[in-house]
Structures are given as structure tokens and as C-alpha cells.
Amino acid sequence: MSDQPNANRRKFLRQASAAVAAIPVVSMAGISAAQANEKAEDGHAHEYVKNAADAAGHDDYAEGSKCKKCAFWGGDDAEWGQCYHADFQGVEVNANGWCSEFVEG
Ligand code: SF4
């Protein structure tokens, strides 16, 4: 099976989220970098949890899904990284986290 459809979907999601995010980023120019890199706490949005194991039993959770495998993940191999979903702008999420907006990447 080819990885091309997933790569295209990931690229599309990142570009779309970046376009949406550009507006609040401009208006947040006065916020310090430290604030923009806060780590998301459990419950930040879409029932986010820092540890995907804590999502076990959630109706939308599939075994093995986590931020690092999500199309919105932008942290490469880091423990904490950017999520390109509009509701996670200004915070970092954990590579082993999860939320109900997970999209297989
Ligand atoms: S959208 Fe994906 S990367 Fe972002 S918090 Fe949810 S599961 Fe993690």
C-alpha cells in the first residue's frame, strides 16, 4: 500500500490549519513565546489527554492511536510538539496524547 494518500492528507491538513491559524497568530503577536509553548493539560479541547492510555474506553478511541500518529501532529520525534488542529494553537501536545479529533496520519 502507498503512503502517498496519507502524505497528501497530512500536507492538506497542515496547510488548511496554518491558513486558519494565521489570523489568530497575527492578533496574538504580543503574547510571549513562553506562553505560546505551554503544554496542553488534560481536557484542553476535544477530550484531550496527555497519555492516550487514559482515553481507553472512550467511544472514539482506537487502540494504538496517539498524537504522534495523527495527521495534525507536527512534532516529528519530539516528546511534545505542535498540533495543527485549530483548537490546539498556542499549546504543545504530547506525542503519546490523544483527543477525539484524531485522524490517522
Ligand atoms: S488532533 Fe491529533 S495531534 Fe492534535 S491533540 Fe488531537 S490526536 Fe493529538
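The following legends describe close-up views of a predicted model. Local features are restricted to residues with pLDDT of at least 70 and side-chain atom pairs to pLDDT 80 or more, whereas totals for chains, interfaces and linings use all residues. Residues are numbered from 1 along each chain as its sequence is written, and side-chain values use heavy atoms, with hydrogens and water left out.

**Figure 1. Overall arrangement of the chain.** Two helices and three strands make up the secondary structure, where helices (H or I, at least four residues) and strands (E, at least two) are DSSP runs numbered from the N terminus. Along the sequence these elements follow the pattern α-α-β-β-β. Of the 105 residues in the chain, 30% are buried; buried denotes under 20% relative accessible area, exposed over 50%, and partly exposed the range in between (1.4 Å probe, protein chains only). Among contacts (heavy atoms within 4.5 Å) with a separation of 6 or more, 67% join residues 24 or more positions apart.

**Figure 2. Surroundings of the ligand.** The residues around the ligand, counted if one of their heavy atoms lies within 4 Å of it, are Tyr48, Cys67, Cys70, Phe72, Cys83, Phe88, Cys99 and Phe102. This shell comprises eight nonpolar, no polar and no charged residues. In this classification Ala, Val, Leu, Ile, Met, Phe, Trp, Tyr, Cys and Pro are nonpolar, Asp, Glu, Lys and Arg are charged, and the others, Gly among them, are polar.

**Figure 3. The largest cavity.** A cavity is a set of points, on a 1 Å grid over the protein atoms alone, where a 1.4 Å probe fits but cannot get out; lining residues have an atom within 4 Å of a point. One cavity of 30 Å³ or more is found. The volume of the largest cavity, taken as the space filled by probe spheres set on the points, is about 120 Å³. The ligand takes up the space of this largest cavity. Its lining consists of 14 residues, with Cys67, Cys70, Phe72, Cys83 and Cys99 nearest the centre. By class, the lining divides into ten nonpolar, two polar and two charged residues.

**Figure 4. The loop residue Asn37.** Asn37 is located in the loop between α2 (33-36) and β1 (38-39). With a relative accessible area of 42%, Asn37 is partly exposed. Leaving aside residues up to four places away in sequence, Asn37 touches Gly90 and Glu92. The C-alpha atoms of Asn37 and Glu92 are 5.9 Å apart, although 55 residues separate the two along the chain.

**Figure 5. Ala7 in helix α1.** Ala7 belongs to helix α1 (residues 4-27) and is partly exposed at 40% relative accessibility. Between Ala7 and Gly105, 98 residues apart in sequence, the C-alpha to C-alpha distance is 7.6 Å.

Key. 1 Å grid on protein atoms, 1.4 Å probe; cavity = no way out; pocket = protein on both sides within 12 Å on 5 of 7 lines; lining within 4 Å. Sits in = over half its atoms within 2 Å of the grid points.
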